[in-house]
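The following exercises are meant to be worked through with the sequence and the model side by side. Try each task before reading its solution.

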Amino acid sequence: MPPNQNSNLATETDVLREVYAAINRNDIPAVLEFFDPQIERIEPAEFPSAGTYRGHAEVRAHISRGRETWAEGTCEPERFIVAADKIVVFLHVRVRQKNTLEW
């Protein structure tokens with residue numbers, strides 16, 4: 001691994017923490033500030049919101065639709081694993097949907 005790749009991935013891990021903090025604040029514009037305008041977000045077929053979302057407008061709409069279903073909740077990063085040029089994030093997600101008392 002090149003010498004500066006570790007520091008770059010550490011910086012990117014910090015950015016991911018900031019992204020999740022913005023999601024938890026429901027600050028979607030702050031989330032998008034961290035993403036390239038040409039972002040491509042892919043939700044797997046087994047997810048309720050499966051699909052491919054391209055660009056800030058589609059990703060903003062996708063994240064906003066998901067957050068609109070929450071009465072309250074958080075996505076807390078618990079562990080980051082650096083694998084080559086990728087970062088895998090393990091999250092603890094706790095959400096209570098609107099119109100329910102169950103978590």
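Throughout, buried means under 20% relative accessible area, exposed over 50%, and partly exposed in between (1.4 Å probe, protein chains only). This is a predicted model, in which local features need pLDDT of at least 70 and side-chain atom pairs count only at pLDDT 80 or more, while totals for chains, interfaces and linings use all residues. Residues are numbered from 1 along each chain as its sequence is written, and side-chain values use heavy atoms, with hydrogens and water left out.

**Exercise 1.** Determine in what order the helices and strands of the protein run from the N terminus.

*Solution.* Begin with the assignment, in which helices (H or I, at least four residues) and strands (E, at least two) are DSSP runs, numbered from the N terminus. The protein has three helices and four strands, and their order is α-α-β-β-α-β-β. As for the overall extent, the C-alpha trace spans about 50 × 25 × 25 Å along its principal axes, and 24% of the 103 residues are buried.

**Exercise 2.** Describe the surroundings of glutamate 43, and decide whether this residue is buried or exposed.

*Solution.* First locate glutamate 43, which lies in strand E1 (residues 40–43). Next consider its accessibility: glutamate 43 counts as buried because its relative accessibility is 10%. Then list its contacts (heavy atoms within 4.5 Å); leaving aside neighbours within four places in sequence, glutamate 43 touches Ser49, Ala50, Gly51, Tyr53 and His62. Finally, turn to its charged partner, taking a salt bridge as a side-chain nitrogen of Lys or Arg within 4 Å of a carboxyl oxygen of Asp or Glu. Arginine 41 forms such a bridge with glutamate 43, with 2.8 Å between the closest N and O atoms, and arginine 41 counts as partly exposed because its relative accessibility is 30%.

**Exercise 3.** Find how many salt bridges the whole structure holds, and examine the one between arginine 96 and glutamate 72.

*Solution.* A search of the whole structure gives five salt bridges. In one of them, the side chains of arginine 96 and glutamate 72 meet at 3.0 Å, N to O. This pair links distant parts of the chain, since arginine 96 belongs to strand E4 (residues 86–97) and glutamate 72 to strand E3 (residues 70–83), 24 residues apart. Arginine 96 is buried at 17% relative accessibility, whereas glutamate 72 is partly exposed at 37%. For another case, take lysine 86 and aspartate 85, whose side chains meet in a salt bridge of 3.6 Å, N to O; both residues are exposed.
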